Amino acid sequence: MALSKSGHVYTWGKGKHGRLGHDDAANQLSPARVAPHAFLGRRVCCISAGGQHSAAVAAGGAVFTWGLNDNSQLGPGEPRSGAPWLNVRRLLGGPCGGDTAGMVRRPRPPNNPPTQ
(Lines give C-alpha, C1' and ligand atoms only; values in the text may rest on other atoms or scores of the structure.)
Protein backbone atom coordinates (compact mmCIF):
# COMPACT_ATOMS: atom_id res chain seq x y z
CA MET A 1 0.00 0.00 0.00
CA ALA A 2 1.33 3.44 -0.91
CA LEU A 3 0.22 7.04 -0.64
CA SER A 4 1.35 9.61 -3.20
CA LYS A 5 2.24 13.20 -2.32
CA SER A 6 -0.99 14.27 -4.02
CA GLY A 7 -3.09 12.02 -1.74
CA HIS A 8 -3.76 9.11 -4.10
CA VAL A 9 -3.84 5.60 -2.63
CA TYR A 10 -2.24 2.67 -4.47
CA THR A 11 -2.57 -0.98 -3.50
CA TRP A 12 -1.26 -4.28 -4.84
CA GLY A 13 -1.04 -7.92 -3.81
CA LYS A 14 -3.77 -10.45 -3.07
CA GLY A 15 -7.25 -9.01 -3.49
CA LYS A 16 -9.23 -11.57 -1.46
CA HIS A 17 -12.07 -10.02 0.62
CA GLY A 18 -11.68 -6.73 -1.24
CA ARG A 19 -8.65 -5.86 0.86
CA LEU A 20 -7.10 -3.83 -1.98
CA GLY A 21 -10.08 -1.46 -2.18
CA HIS A 22 -10.78 -1.97 -5.89
CA ASP A 23 -14.33 -3.28 -5.34
CA ASP A 24 -13.36 -6.78 -6.39
CA ALA A 25 -11.24 -9.72 -5.22
CA ALA A 26 -8.74 -9.61 -8.10
CA ASN A 27 -5.02 -9.82 -7.37
CA GLN A 28 -2.85 -6.88 -8.47
CA LEU A 29 0.74 -7.62 -9.50
CA SER A 30 1.69 -3.94 -9.62
CA PRO A 31 0.42 -0.82 -7.83
CA ALA A 32 -3.10 0.17 -8.91
CA ARG A 33 -4.78 3.41 -7.86
CA VAL A 34 -7.85 3.12 -5.64
CA ALA A 35 -10.65 5.06 -7.33
CA PRO A 36 -10.64 8.68 -6.07
CA HIS A 37 -14.46 8.72 -5.80
CA ALA A 38 -14.15 6.01 -3.13
CA PHE A 39 -12.93 8.72 -0.76
CA LEU A 40 -15.83 11.09 -1.58
CA GLY A 41 -13.50 13.64 -3.14
CA ARG A 42 -11.41 14.01 0.02
CA ARG A 43 -7.61 14.07 -0.03
CA VAL A 44 -6.11 11.09 1.79
CA CYS A 45 -3.29 12.04 4.15
CA CYS A 46 -2.60 8.81 6.07
CA ILE A 47 -2.89 5.07 5.34
CA SER A 48 -2.54 1.86 7.31
CA ALA A 49 -2.66 -1.76 6.15
CA GLY A 50 -3.50 -4.89 8.10
CA GLY A 51 -3.32 -8.50 6.99
CA GLN A 52 -6.83 -8.58 5.52
CA HIS A 53 -8.00 -4.96 5.64
CA SER A 54 -6.84 -1.37 5.28
CA ALA A 55 -7.75 2.13 6.37
CA ALA A 56 -7.20 5.65 5.07
CA VAL A 57 -7.63 8.94 6.89
CA ALA A 58 -8.64 11.91 4.77
CA ALA A 59 -8.04 15.58 5.45
CA GLY A 60 -10.46 16.66 8.16
CA GLY A 61 -10.28 13.26 9.89
CA ALA A 62 -12.76 11.15 7.89
CA VAL A 63 -11.81 7.46 8.03
CA PHE A 64 -12.37 5.02 5.18
CA THR A 65 -11.96 1.28 5.73
CA TRP A 66 -12.10 -1.73 3.43
CA GLY A 67 -11.31 -5.44 3.33
CA LEU A 68 -12.36 -8.32 5.57
CA ASN A 69 -14.81 -7.25 8.27
CA ASP A 70 -15.88 -10.60 9.70
CA ASN A 71 -15.31 -9.48 13.31
CA SER A 72 -16.26 -5.80 12.87
CA GLN A 73 -12.57 -4.87 12.83
CA LEU A 74 -13.46 -2.14 10.34
CA GLY A 75 -16.07 -0.65 12.61
CA PRO A 76 -19.75 -1.14 13.33
CA GLY A 77 -22.27 -2.29 10.75
CA GLU A 78 -22.78 -5.18 8.44
CA PRO A 79 -19.70 -7.05 7.21
CA ARG A 80 -18.62 -5.49 3.94
CA SER A 81 -15.85 -6.00 1.46
CA GLY A 82 -14.70 -4.29 -1.68
CA ALA A 83 -14.49 -0.55 -2.17
CA PRO A 84 -13.59 1.81 0.69
CA TRP A 85 -16.52 3.12 2.74
CA LEU A 86 -16.79 6.00 5.18
CA ASN A 87 -16.60 4.64 8.70
CA VAL A 88 -15.69 7.41 11.16
CA ARG A 89 -16.07 11.11 10.44
CA ARG A 90 -13.19 12.42 12.60
CA LEU A 91 -10.07 10.64 13.77
CA LEU A 92 -6.68 11.52 15.21
CA GLY A 93 -4.92 8.35 14.03
CA GLY A 94 -4.52 4.63 14.52
CA PRO A 95 -2.85 1.49 13.18
CA CYS A 96 -4.15 -1.62 11.42
CA GLY A 97 -2.80 -4.96 12.61
CA GLY A 98 -3.15 -8.55 11.49
CA ASP A 99 -6.78 -8.95 12.53
CA THR A 100 -7.46 -5.64 14.27
CA ALA A 101 -7.70 -1.93 13.63
CA GLY A 102 -7.11 0.62 16.37
CA MET A 103 -8.49 4.11 16.12
CA VAL A 104 -8.28 7.15 18.35
CA ARG A 105 -11.22 9.46 18.02
CA ARG A 106 -11.04 13.19 18.71
CA PRO A 107 -13.04 13.99 21.87
CA ARG A 108 -16.04 16.22 21.43
CA PRO A 109 -16.00 19.51 23.28
CA PRO A 110 -18.34 19.61 26.28
CA ASN A 111 -21.81 21.03 25.64
CA ASN A 112 -21.56 23.39 28.59
CA PRO A 113 -17.95 24.43 29.17
CA PRO A 114 -17.21 25.67 32.69
CA THR A 115 -17.33 29.40 33.21
CA GLN A 116 -14.68 31.27 35.15
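**Loops, strands and an aromatic cluster in the predicted model**

Histidine 17, with a relative accessibility of 29%, is partly exposed, because that value falls between the 20% limit for buried and the 50% limit for exposed residues. The model described here is a predicted one. Histidine 17 belongs to the loop that runs between strand 2 (9-13) and strand 3 (28-33). Its backbone deserves a look as well: the phi angle is positive, at about 65 degrees, although the residue is not a glycine. Most residues other than glycine have a negative phi. Leucine 40 is another non-glycine residue with a positive phi, here of about 55 degrees. Leucine 40 is found in the loop between strand 3 and strand 4 (44-49). With 54% relative accessibility, leucine 40 counts as exposed, because the value is over 50%.

The loop between strand 2 and strand 3 also holds histidine 22. Is histidine 22 buried or exposed? Its relative accessibility is 19%, and it therefore counts as buried, the cut-off being under 20%. The side chain of histidine 22 makes a polar contact, at 2.7 Å, with the side chain of threonine 11. Threonine 11, for its part, stands opposite alanine 32 in strand 3.

These residues lead on to the first sheet to be described. It is an open sheet of 3 strands, ordered 1-2-3, and its pairing is antiparallel. Strand 1 (2-3) and strand 3 are the edge strands, each pairing on one side only. Between strand 1 and strand 2 there are 2 bridges in the antiparallel sense, and alanine 2 stands opposite tyrosine 10 in strand 2. The same two strands form a hairpin with 5 residues between them. Glycine 7 sits in that turn and has a positive phi of about 90 degrees. On the other side, strand 2 and strand 3 pair in the antiparallel sense over 3 bridges. Tyrosine 10 appears here again, with arginine 33 as its bridge partner in strand 3.

Strand 5 (residues 53-58) offers a picture of its own. How many of the residues of strand 5 are buried? The count is 6 of the 6, so the strand is largely enclosed by the rest of the structure. His53, Ala55 and Val57 point one way from strand 5, while Ser54, Ala56 and Ala58 point the other way, and all are buried. Strand 4 and strand 5 run antiparallel and are joined by 5 bridges. One pair of facing residues is alanine 49 and serine 54, the latter in strand 5. The connection from strand 4 to strand 5 is a hairpin through 3 residues.

Strand 5 also pairs with strand 6, in the antiparallel sense and over 5 bridges. Histidine 53 has glycine 67 as its bridge partner in strand 6. The hairpin of strand 5 and strand 6 has 4 residues between the strands, and glycine 60 in this hairpin takes a positive phi near 95 degrees.

Strand 6 further contributes to the aromatic contacts, where the count comes to 2 aromatic pairs. In one of them, the ring centres of phenylalanine 39 and phenylalanine 64 are 5.4 Å apart and the planes stand at 90 degrees, so the arrangement is edge-to-face. Phenylalanine 39 lies in the loop between strand 3 and strand 4, whereas phenylalanine 64 lies in strand 6 (residues 63-67), so this pair ties together parts that are 25 residues apart in sequence. Phenylalanine 39 has a relative accessible area of 3% and is buried, because this is under 20%. Phenylalanine 64, at 0% relative accessibility, counts as buried by that cut-off too.

Phenylalanine 39 forms an aromatic pair with tryptophan 66 as well, with 6.0 Å from centre to centre and 65 degrees between the planes. This pair is edge-to-face. Tryptophan 66 lies in strand 6 and phenylalanine 39 in the loop between strand 3 and strand 4, so the contact ties together parts that are 27 residues apart in sequence. Both phenylalanine 39 and tryptophan 66 are buried. Taken together, Phe39, Phe64 and Trp66 form one aromatic cluster.

Methods. Residues numbered from 1 in each chain as written. Predicted model: local features only at pLDDT ≥ 70, side-chain atom pairs only at ≥ 80, totals over all residues. Heavy atoms only, no water. Buried < 20%, exposed > 50% of the residue type's maximum accessible area, 1.4 Å probe, protein only. Polar contact = N/O pair within 3.5 Å; in protein donor to acceptor, adjacent residues only side chain to side chain. Phe/Tyr/Trp six-rings, centres within 6.5 Å; stacked < 30°, edge-to-face > 60°. Pairing = 2+ DSSP bridges.
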